[in-house]
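Some questions and answers on the structure shown here follow. They deal with cross-links, charged pairs, one helix and one acidic residue.

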Amino acid sequence: MRFPILLILLSGTLTVSTTIAQSPDHAAIEANIRQVFAGMEKGDSVMVHQSFSKQVTMATVKTNKEGKLELAMESSIGPWLASIGTPHADKYYEEIWGIKTSIDGAFAQVWCDYAFYIGNKFHHCGVDAFQLSKDSGSWKIFHVADTRRTTACDVPAGIQAKHK
């Protein structure tokens, strides 16, 4: 009689520990970031812009053709939004995975791997790092930084298959 009760209690404990839900803030932050990439895919710069705060900075860390480190910094997302909204033959796809989110009050940081495709052609990969703040109940991106490389990209097989 004891064994079935112990088994039931143990299985309930295992179920609870594996079904811990994402917090509403985590879900809202991830939805905000996914909206950026959905807007890029649609060529909808207005949709992308809605994910950002009024003041935004951007930075890219990459290695140039001579193998030297370059840090490009932007104090506006205007030119980037214009490139998204300008009609182009192929869709822009930025696929993300390995999302890690940290939150402290009204501040959040998200780190994720990505692969960027123009149409179905692989272009580059790297890491995206987003910083967000929560104002009036809404999470908005105020800084985004990324790395860019064309080699040593460990893109998951499911993403690669999607772009064949």
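Buried means under 20% relative accessible area, exposed means over 50%, and partly exposed lies in between. The model is predicted.

Q: Is Glu 95 buried or exposed?
A: The cut-off for a buried residue is under 20% relative accessible area. Glu 95 has a relative accessible area of 12%. Glu 95 is therefore buried.

Q: Which residue forms a salt bridge with Glu 95?
A: The two side chains meet with N to O at 3.0 Å. Glu 95 lies in strand 3 (residues 92-104) and its partner in helix 5, so the pair ties together parts that are 67 residues apart in sequence. The partner is Lys 162.

Q: How many salt bridges does a search of the whole structure find?
A: One of them joins Lys 134 and Asp 25, and another joins Asp 146 and Arg 148. The search of the whole structure gives a total of four.

Q: How many residues apart are Lys 134 and Asp 25?
A: The side chains of Lys 134 and Asp 25 meet in a salt bridge, N to O 2.8 Å. Lys 134 is in strand 5 and Asp 25 is in helix 2 (residues 24-42), so the pair links distant parts of the chain. Lys 134 is partly exposed at 32% relative accessibility, and Asp 25 is partly exposed at 24%. In sequence, the separation of Lys 134 and Asp 25 is 109 residues.

Q: In the salt bridge of Asp 146 with Arg 148, how far apart are the closest N and O atoms?
A: Asp 146 counts as buried at 10% relative accessibility, whereas Arg 148 counts as partly exposed at 36%. The closest N and O atoms of Asp 146 and Arg 148 are apart by 2.8 Å.

Q: Which residue does the disulfide join to Cys 125?
A: The structure holds one disulfide, with S to S 1.9 Å. Cys 125 lies in strand 5 (residues 121-135) and its partner in the loop between strand 6 (138-148) and helix 5 (157-162), so the pair ties together parts that are 28 residues apart in sequence. Cys 125 is buried at 2% relative accessibility, while the partner is partly exposed at 27%. That partner is Cys 153.

Q: What is the handedness of the link of Cys 125 and Cys 153?
A: The angle about the S-S bond is -80°. With that angle, the link of Cys 125 and Cys 153 is left-handed.

Q: How far apart are the end C-alpha atoms of helix 2?
A: Helix 2 has 19 residues, which at 1.5 Å a residue should span 27 Å. The end C-alpha atoms agree with that, being apart by 26 Å.

Q: Within what arc do the buried residues of helix 2 fall?
A: The buried residues of helix 2 are Ile 29, Asn 32, Ile 33, Val 36, Phe 37, Gly 39 and Met 40. Seen down the axis, they line one face of the helix, and on the other side Pro 24 and Lys 42 are exposed. The arc is 160°.

Q: What is the nearest side chain of opposite charge to Asp 128?
A: Asp 128 lies in strand 5 and is buried, yet has no salt bridge. Residues that Asp 128 touches include Phe 37, Glu 94, Cys 112 and Asp 146. The nearest side chain of opposite charge is 7.1 Å away, beyond the 4 Å limit for a salt bridge. That side chain belongs to Arg 148.

Technical notes
Residues numbered from 1 in each chain as written. Predicted model: local features only at pLDDT ≥ 70, side-chain atom pairs only at ≥ 80, totals over all residues. Heavy atoms only, no water. Disulfide = S-S within 2.5 Å. Helix = DSSP H or I, 4+ residues; strand = E, 2+ residues; numbered from the N terminus. Buried < 20%, exposed > 50% of the residue type's maximum accessible area, 1.4 Å probe, protein only. Expected span 1.5 Å × (residues − 1). Arc of directions from axis to C-beta. Lys, Arg positive; Asp, Glu negative; His and termini not counted. Contact = heavy atoms within 4.5 Å. Lists of a residue's contacts leave out its neighbours within four places in sequence.
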